[in-house]
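Me: I'd like a close look at one part of this predicted model: the open sheet of six strands. In what order do the strands lie, and what sits around them?

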Amino acid sequence: MHFNAMMTPYRELLSRTHGGLEPIVVRAPGRINLIGEHTDYNGGLALPAAINRYIYVSVTWRDDEQVNMMAAEFPSKELALSELYPCPGEWHTYIQGVAAVLLGWGYVLGGFNIHVCGDIPVGAGLSSSAALCCGTVMALDALFDLQLTRQEMALIAQQAEHTFAGVACGLMDQYACLFGKRGYALKLDFRTLQFEYVRLNLEFLDLVLLDSGVKHSLASTEYNLRKMETGRALSRVQEKHATVERLRDCSLEQLYDEVLVADPVAYKRAKFFVEENKRVETAAVALDRRKLTLMGDLLYESHQGLTALYQVSCAELDLLIQLAKEEKSVVGARMMGGGFGGCTINLIEKKYKSCIGRLQAEYERRTGIPLKAYRVMIAEGARVCNNRELRQIKYNEKSLEENYA
Ligand code: GLA
């Protein structure tokens, strides 16, 4: 799936696709996650942030009950509001999902035209699907005056992915997309859904994503399986410790005593979870005190856990981390997002960008796959665009690579 679009100024495009009507346009960002991977669905901690790559969702009214869905590079799809159905793998399943969840929650919608485009690389683990769902729910909220809070939008977007894309995802991507703030990461606690902003002053470092160029097909099955495996660990602990409500409440000792022998796989998964939460706490302090070398070490440790204990990495991602470790100017790196492909996140010294070229050459030599490098900036969360912003939007296919082209 790919929402990258043409060089056409956005306004021109919109007046064509919306038949001259003035659309509401929402800009929804992709996200990175500094640390705290595979923790959200177990009530853990994470440190994501919105980035300066977006999906633009524009909507207009219709006076019938039809939904007409258009995207820059996909065939359009039109159907009645009463006919919405899950079609995982199709680009429009996310839009249908959001509309269906809204209807299910009792909101009244009419027919609408919706147009989607943007520059978040798809399949790279930057949450283009969460951006599409969050952008759609925010656009429909504005169009039909639903008065949703951002938290409600996040929950609706998540449910759309659960029911219409078949991925039992947590809430990290939706929160980063909807609550992101320029220059800050969110330290999110998924037990309470509370968060605080952590200033991201990386001083002499750049945040660089290296896109492995692979997305192994087992990603969503394994994702759902990890959820079950960690659930098994929790049940074992709960049998002996009635006060434990979530995996977050479990100690390493309890896991060792109650799970290790009975279910070694579940033990490894849960051990990673407990350790990763601790790393998020340490990382937030490290960032606050500008201890960027410590931050880098935490990234490497997180990757080690994701590979050996949680087992959601793959050969290509491990190679990228191994190559990064050989470069002195890379302070830390790890795989990012659900795993089995997508990007690694790297903290790299600004003045030694030349290492990117070496990483690209070596990765391609070893795998035959070209390596894309994206430098990212931390951006604002999703919002309805005003006229000035709309005039400025001009996106193109150069993608994030422009910084290292
Ligand atoms: C995907 C999911 C998120 C989160 C990450 C792993 O991006 O959508 O909810 O679980 O994987 O941290």
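Reply: Reading across the six-stranded open sheet, you get E5-E4-E6-E3-E1-E13, and the pairing is mixed. The two ends of that order are E5 (74-80) and E13 (383-384); each has a single partner strand, so one side of each is left without a neighbour in the sheet. Keep in mind that all of this comes from a predicted model.

For a closer view of one pairing, go to E4 (residues 66-71) and E6 (residues 112-118). These two run parallel and are joined by five bridges. If you want a residue pair to click on, take Met69, whose bridge partner in E6 is Ile114. As a reminder when you look at the side chains, in a regular strand they alternate between the two faces of the sheet.

Further along the order, there's a helix to look at. H5 (172-179) lies across E1 (24-33) and E3 (48-61), and its direction makes about 125° with that of E1.

Follow the chain on from H5 and you reach a hairpin. Its strands, E7 (residues 184-189) and E8 (residues 194-199), run antiparallel with six bridges between them. Lys187 stands opposite Glu196 in E8. Four residues separate the two strands, and in this hairpin Leu193 takes a positive phi near 60°.

Now for how this fits into the whole chain. The domain assignment gives domain 1 as 10-200 + 378-397 and domain 2 as 205-376. The C-alpha centres of the two domains lie 26 Å apart. Their contact takes 37 residues from domain 1 and 41 residues from domain 2.

There's another open sheet to set beside the one you asked about. It has four strands in the order E10-E11-E9-E12, with antiparallel pairing. Its edge strands are E10 (330-335) and E12 (372-375), each pairing on one side only. On average, neighbouring strands here are turned by 25° against each other, direction ignored. Within this sheet, E10 and E11 (residues 341-349) are antiparallel partners over five bridges, and Gly332 has Leu347 in E11 as its bridge partner.

Two helices go with this four-stranded sheet. H9 (residues 292-308) packs on the sheet, touching E9 (205-215), E10 and E11, and its direction makes about 30° with that of E10. H10 (residues 315-325) lies across E9, E10 and E11, running at about 10° to E11.

Back to H5, since this helix also takes you to the largest pocket. H3 (128-144), H4 (150-165), H5 and H6 (219-240) each supply at least two residues of the pocket's lining. The largest share, three residues, comes from H6. The pocket has a volume of about 940 Å³ and is lined by 35 residues; Tyr94, Ser129, Glu161, Val167 and Lys215 lie nearest its centre. By type, the lining divides into 15 nonpolar, 14 polar and six charged residues. Domain 1 and domain 2 each contribute at least three residues to this lining.

So to trace the picture on screen, start at the E4 and E6 pairing, move over to H5 lying across E1 and E3, and from H5 carry on to the lining of the largest pocket.

Note on methods
Residues numbered from 1 in each chain as written. Predicted model: local features only at pLDDT ≥ 70, side-chain atom pairs only at ≥ 80, totals over all residues. Heavy atoms only, no water. 1 Å grid on protein atoms, 1.4 Å probe; cavity = no way out; pocket = protein on both sides within 12 Å on 5 of 7 lines; lining within 4 Å. Points joined across faces, edges and corners; volume = space filled by probe spheres on them. Nonpolar A, V, L, I, M, F, W, Y, C, P; charged D, E, K, R; others polar. Domains from an automatic or database assignment. Pairing = 2+ DSSP bridges. Contact = heavy atoms within 4.5 Å. Axes fitted to C-alpha atoms, helices over the stretch in contact; angles between N-to-C directions.
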